[in-house]
Amino acid sequence: MEYREENVYNTYSNFLKEKFGEKVYKIPIKQELTCPNRDGNCGVGGCIFCSEEGGSHENLSTELSVTQQLEKNIGYIGKRYNANKFIAYFQNFTNTYLPLDEFKKNLSDVAKPNVVGISISTRPDCVSDEYLEAIQLYSKDYMITFELGLQTVNYKSLIKINRGHTLAEFIDAAIRIKKFGYRVCTHIILNLPWDDMVDVIECAKILSALGVDEVKLHSLYITDGTVLGEMYKNNEIEIISQDEYEERVINFLSYLSDDIVVQRIIGRAPEENSLFVNWNTSWWKIRDNIVKKMVDRNIHQGTSANYLNKSFEIKSK
Ligand code: SF4
């Protein structure tokens with residue numbers, strides 16, 4: 001078998017191509033927002049890894065309006081890749097943590113003919129029915145996806161990273177979003193210093209049992225000026241090896257239901273201002289290693305997902 005990612009997991013690019021008949025590009029939109037875990041509403045200082053950028057590494061200016069950012073990037077990416085279809089991606093901070101009117105205005109600003117989907121990054125504790133209802137107007141013409149940051153299903157690690165919500169809020173948000181018929185993408189960091197392989201496998205099982213639609217896997221990105229950065233400089237945390245990260249991804253995918261779309265298996269982040277990123281290795285080299293190991297070992301997404309809808313043979317007395 002060829003060493004290709006689509007041979008071992010359900011890739012996002014294939015999913016989009018099948019759904020829309022051609023390549024689709026995500027256009028990040030960056031706004032002046034904040035997050036209840038930074039402004040004191042549910043926490044102060046944010047997650048211990050969160051920088052001032054609020055989870056986005058894209059170099060877009062927030063001085064441009066939503067429409068301007070979209071038009072500028074569609075013009076550039078459209079020309080460069082000969083692309084015709086796009087997903088408007090509200091990427092940084094918590095995009096449902098703003099007044100409902102502003103949220104509605106954002107949605108109406110991205111509703112354009114060559115936009116086929118709207119993706120909204122947010123926190124699980126910022127997803128209420130009121131906001132979900134506001135999107136219904138767009139759900140007929142656009143693929144609506146909520147990108148929920150969870151990072152880990154280990155609720156003790158969630159406290160350690162100062163996440164400000166627990167696993168319960170994530171489960172509630174995922175069920176609530178699915179009830180409205182929208183898609184759920186879950187962001188996970190597979191190498192938090194407090195997690196081990198048991199957490200990784202349980203994470204794949206919980207996401208599969210919940211029926212989330214997509215996952216996005218990251219490795220820890222440690223920037224200077226964050227609480228995690230300080231812990232790293234003071235040798236208070238240990239980072240697993242690249243090889244162990246690859247093993248975690250392989251196990252995660254093996255336990256993940258094969259109908260879940262995998263947006264990515266390793267994060268991409270700039271090196272400036274970073275203390276640790278991807279073991280100083282290109283993200284695609286790590287991805288290729290994982291794919292090669294999976295092909296060689298005959299493992300693919302869902303190989304170990306036999307725990308779903310499980311029933312035991314009942315022996316008659
Ligand atoms: S939820 Fe996101 S934006 Fe808020 S503190 Fe955590 S990483 Fe930063």
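A residue is called buried here if 20 or more other C-beta atoms, placed from the backbone, lie within 10 Å of its own, exposed if 12 or fewer do, and partly exposed in between. The structure is a predicted model, in which local features need pLDDT of at least 70, side-chain atom pairs count only at pLDDT 80 or more, and totals for chains, interfaces and linings use all residues. Numbering starts from 1 along each chain as its sequence is written.

Let us start with the whole chain. It has ten helices and nine strands, taken as DSSP runs (H or I of at least four residues for helices, E of at least two for strands) and numbered from the N terminus. Buried residues make up 40% of the 317 residues. The C-alpha atoms fill a box of roughly 60 × 50 × 45 Å along the principal axes.

Turning to the interior, the largest nonpolar core holds 78 residues; such a core is a set of buried Ala, Val, Leu, Ile, Met, Phe, Trp, Tyr and Cys residues joined through C-beta atoms within 7 Å. Ala88, Val215, Val249, Phe252 and Leu256 touch the most other members. Helix H9 (residues 242-255) supplies the largest share of this core, six residues.

Helix H9 itself deserves a closer look. Its buried residues are Tyr245, Glu246, Arg248, Val249, Ile250, Phe252, Leu253, Ser254 and Tyr255. The cover over these residues includes helix H7 (197-210), strand S6 (214-218) and helix H10 (283-297), with contact meaning C-beta atoms, placed from the backbone, within 7 Å.

Note on methods: Contact = placed C-beta atoms within 7 Å.
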